Amino acid sequence: MSADRRPLDNLQQDAAGRLGLRLGRMLAEQAEMLPHVPAERLRAAREQALARARLARRRAAAPQPAAAAVAAGPALALGGGAPSVWRRFVALAPLLLLLAGLLVIEHVAMREQVIAAAEFDALLLADDLPPTAYSDPGFAEFRRLAPP
C-alpha cells in the first residue's frame, strides 16, 4: 500500500466510528420511547446476537480440535494441507492404472488378431488349393453352400 492511502483509510475509519456513535445515540433515544415488551425483546435479541458474535470469534481464533483432525484422516496422513508430490501421485494413480490397463487390453487383443491371422495363413498355405482359388467368386460361393 502507498503512504497516501493510509491516512485516507484512517479518516474513513474515524468517519465510520462517528457515524456508528451517532446512530447508536439515535437508536437509544428511540428505544427509550418504546413500550416495555418490545424493548425487552430487542434487548434479548441484541444479547443473543452479541453472544453468537463472541462464539464465532472464539471459533475463528481457536486451533483446530483433534476431532476435526481425525475426520480429515487420509488427507493429513498424506502430507498435511499443502499439496506435495506424494499427494499428486496418489491423486493420479487411478488414472495411470486405468491407462495401463487399457494399453494391456489393446496389446492382448492385437496379439490375438495376429495369432488368428497367422493360423489362417498357415492353413491356407498348407491346403491343396492354390491361393488364387480363394479369390475366385465361384469358389467362395461353393464354400458358402458346401456342408462342412
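## Exercises on a helical chain

Leu95 has a relative accessibility of 46%, so this residue counts as partly exposed. The model is predicted. The exercises start from Leu95 and move on to the salt bridges and the whole chain.

**Exercise 1. Place Leu95 in the fold, and justify its exposure class.**

Step 1. Find the element: Leu95 sits in helix H5, which covers residues 85-126.
Step 2. Recall the cut-offs: buried is under 20% relative accessible area, and exposed is over 50%.
Step 3. Apply them: the value for Leu95 is 46%, so the class is partly exposed.

**Exercise 2. Identify the nonpolar surface patch that includes Leu95.**

Step 1. Collect the leucines: Leu92, Leu95, Leu96, Leu98, Leu99 and Leu102 belong to the patch.
Step 2. Add the other members: Trp86, Phe89, Val90 and Ile105.
Step 3. Give the area: the patch comes to about 990 Å².

**Exercise 3. Check the span of H5 against its residue count, then locate its bend.**

Step 1. Count: H5 has 42 residues.
Step 2. Set the rule: the expected span is 1.5 Å times one less than the number of residues.
Step 3. Compare: the expected span is 62 Å and the end C-alpha atoms lie 59 Å apart, so the two agree.
Step 4. Locate the bend: H5 turns by about 40° at Leu92.
Step 5. Look for a proline: Pro94 follows Leu92 within four residues.

**Exercise 4. Trace the salt bridges of the structure and show how they connect.**

Step 1. Count them: the structure has two salt bridges.
Step 2. Take one pair: the side chains of Arg43 and Glu40 meet at 2.9 Å, N to O.
Step 3. Take the other pair: Glu47 and Arg43 meet through their side chains at 2.5 Å, N to O.
Step 4. Test the distances: a salt bridge needs the nitrogen within 4 Å of the carboxyl oxygen.
Step 5. Join the pairs: Glu40, Arg43 and Glu47 form a network of salt bridges.

**Exercise 5. Explain the spacing of these partners along H2, and classify their exposure.**

Step 1. Set the frame: Arg43 and Glu40 lie in helix H2, residues 36-61. Glu47 is in H2 as well.
Step 2. Read the spacing: Glu40 and Arg43 are three residues apart, about one turn. Glu47 and Arg43 are four residues apart, again about one turn.
Step 3. Use helix geometry: an α-helix has 3.6 residues a turn, so residues three or four places apart point the same way.
Step 4. Classify: relative accessible area is 31% for Glu40, 33% for Arg43 and 45% for Glu47. Glu40 is partly exposed, as are Arg43 and Glu47.

**Exercise 6. Summarise the secondary structure and surface of the protein chain.**

Step 1. Count elements: there are seven helices and zero strands.
Step 2. Write the order along the sequence: α-α-α-α-α-α-α.
Step 3. Give the buried share: 3% of the 148 residues count as buried.
Step 4. Add the surface: about 13,200 Å² is accessible, and 67% of that belongs to carbon and sulfur atoms.

How values were computed: Residues numbered from 1 in each chain as written. Predicted model: local features only at pLDDT ≥ 70, side-chain atom pairs only at ≥ 80, totals over all residues. Heavy atoms only, no water. Patch = residues over 30% accessible without salt bridge, like charges linked within 9 Å, V, L, I, M, F, W, Y side chains within 5 Å. Areas by Shrake-Rupley, 256 points an atom, 1.4 Å probe, with all protein chains shown as cover. Helix = DSSP H or I, 4+ residues; strand = E, 2+ residues; numbered from the N terminus. Buried < 20%, exposed > 50% of the residue type's maximum accessible area, 1.4 Å probe, protein only. Bend = angle between axes of the 7 residues up to and from the residue.
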